[in-house]
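Please look over the sequence and the three-dimensional model shown here before reading on. The paragraphs after it are meant to be followed with the structure in view.

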Amino acid sequence: MTDNNRNVILTGFMGTGKSTVASLVAGKLGRTWVDMDSVLAERAGMAVSDIFARYGEAEFRKQEMLLGAELSQKQGLVISTGGGSLLDPELARLMTISGVVICLDAEPAALLARLHDAADRPLLAAFDREQQLTALWRQRRPRYAQLPLHLDTTYLSCEIAAARVCTLLQAAPRSFPVSTPQGAYQVLVMNGVAAVLGDLLKVHDVSRRILIVSNERVWPLHGESLQRHLADSGYQVAEALIPDGERYKTLDTLQTIYAHCVAAGLDRRSVIIALGGGVVTDMAGFAAATYLRGIPFIPMPTSLLAMVDAGVGGKVAVDLPQGKNLVGAFAQPLQVLIDPDYLATLPQAERDCGLVEIIKAGIIGDAELFAALENEAALPSWRWLIERALTVKINIVEDDPYESGRRTVLNLGHTFAHAFEVLADYRLPHGMAVSIGLAAAAELAVLRGHLDSSIRDRILAVLERHHLPTKWAGGPAEEVIEAMQRDKKRVNTRLRFVLPRAIGDVYIDEDVSTADIARALERIT
């Protein structure tokens, strides 16, 4: 299904304008409009209120689910759903996969005015309509908040709302749902995503006080415009700018973020937004996870590396002098917002760091992605690469949210890389360290007899094709092994390595001798 032909699905509470706006959008796009309630009523031969009265809500929801699954197999439609349709997680998942889901929102007072004379509303009784509407709106709002895109229609005419929907579609939004034991969140990939942040925050019912954590390089490029967007939506925005670089990912820097939280008057419903690369994302996330025992945070990664790695997965941390990420937590974000437009201001060296993580994703679980990176003709679009790498990571994170099993495979190359970073006093960029770590892991896998040398050669060739390092010259093998012994990825006294077995297939090896490690390091020096 091509992006240009994906379904457009409008959902939301009754009275937000779903049906009228959907019909207008369909006209603007030259598409077929399908109203789910109308189809269900036609098939049943009676009004929706009569279906509720005769068969009950459970039967109506069953038929709604069947119709939604049917429509999800089609393309090129503009669909308006019933108010309760996408409260079903499975139907929401199907619809999100098949198209762009936009939730229309409005304040209860506006909804009540619009529904004042509406007769076909089986969930609203005439004698206490205001009380029932408000209670139902409050009940459903947290479920609507889990949907990826929102448009507040409280003060919009249907014509303006339809125009806004078309503008959103031009930005090519694509959402990737992530399920965790703590709940679900969305990763939204969209050009110009800052423009929709106000409506996204509103539906989450957060405080008006927001802190943006960024660094001195990123803030002039993207921070001031983000601050303006949020201020225009009525938010009080403060910024905390931290030094740029892994060597500043420390408890001292974390203390300055806490001081900014206090100065900004953040409360437990305030949001910390992480605007920057992996260091900013890790530190802002850790601050959010621990300030006032935890407040919401939203990663807005600006580097390619953070877009495909640090921004997704809920792991946040700071470094200690003895090792990388030794103090950390698992903290799921409110939502992750990825704007590919940010890559236009990214230095080539930082794009290269992110490309390493994309290559890593291909080795771990996407042979087609890896083959595309081997292609001598042309590199696929950044957007395609980001979305493929995200899919690999999300599938693994959902399967193992707390890194107790399969998620460990995301550490391919990292046992070596973290030691390289420590020995380089964090002046070796993380992506470059991982690149060398991938080469070392491939060599170790060959030595262990689990990887054919031809596959190792492909891994080395794709790194070299993209001008990425495959050699270590920062110290003898003994120092690297000593640094590994302090890494958090060890198990008791054993070092744990993720090693490739084929492209798209890796395994965990916890029985590697120091002699084999040293031999692998010799091959890359």
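What follows is a walk through several places in this model, which is a predicted one.

A convenient place to begin is helix α2, which runs over residues 36-44. The buried residues of this helix are M36, V39, L40 and A41, and the elements against which they pack are the strands β2 (32-35) and β3 (77-80) together with the helices α3 (48-55), α4 (57-72) and α5 (89-98). In general, an α-helix has 3.6 residues a turn, so residues three or four places apart point the same way. After α2 comes G45, a residue with a positive phi, near 70°.

Farther along the chain, strand β5, made up of residues 149-152, contains D152. This aspartate counts as buried because its relative accessibility is 14%, which lies under the 20% limit used for that word. Once residues up to four places away in sequence are set aside, D152 touches D105, A106, D199 and K202. For A106, which is 46 residues from D152 along the chain, the separation of the two C-alpha atoms is 5.5 Å.

The next stop is helix α18, which covers residues 430-447 and includes V434. Is V434 buried or exposed? With a relative accessible area of 0%, V434 is buried, and, leaving aside neighbours within four places in sequence, V434 is in contact with V356, E357, L412, H414 and A417. The C-alpha atom of V434 is separated by 9.9 Å from that of L468, a residue 34 places away along the chain.

A second aspartate, D516, is found in helix α21, residues 514-523. At 12% relative accessibility D516 counts as buried, and, when residues up to four places away in sequence are not counted, D516 touches L444, L447 and R448.

The last place to visit is on the surface, where E478, E479, E482 and E522 gather in a patch of negative charge. Which helix provides the largest share of this negative patch? That helix is α20, spanning residues 477-484, from which three residues of the patch come. One of the residues placed in α20 is E478, and E478 counts as exposed because its relative accessible area of 58% is over the 50% limit that the word requires. In this respect E478, which is exposed, stands in contrast to the buried D516 and the buried D152.

Note on methods: Residues numbered from 1 in each chain as written. Predicted model: local features only at pLDDT ≥ 70, side-chain atom pairs only at ≥ 80, totals over all residues. Heavy atoms only, no water. Patch = residues over 30% accessible without salt bridge, like charges linked within 9 Å, V, L, I, M, F, W, Y side chains within 5 Å. Areas by Shrake-Rupley, 256 points an atom, 1.4 Å probe, with all protein chains shown as cover. Salt bridge = Lys/Arg side-chain N within 4 Å of Asp/Glu carboxyl O. Lys, Arg positive; Asp, Glu negative; His and termini not counted. Charge placed at Lys NZ, Arg CZ, Asp CG, Glu CD. Helix = DSSP H or I, 4+ residues; strand = E, 2+ residues; numbered from the N terminus. Buried < 20%, exposed > 50% of the residue type's maximum accessible area, 1.4 Å probe, protein only. Contact = heavy atoms within 4.5 Å.
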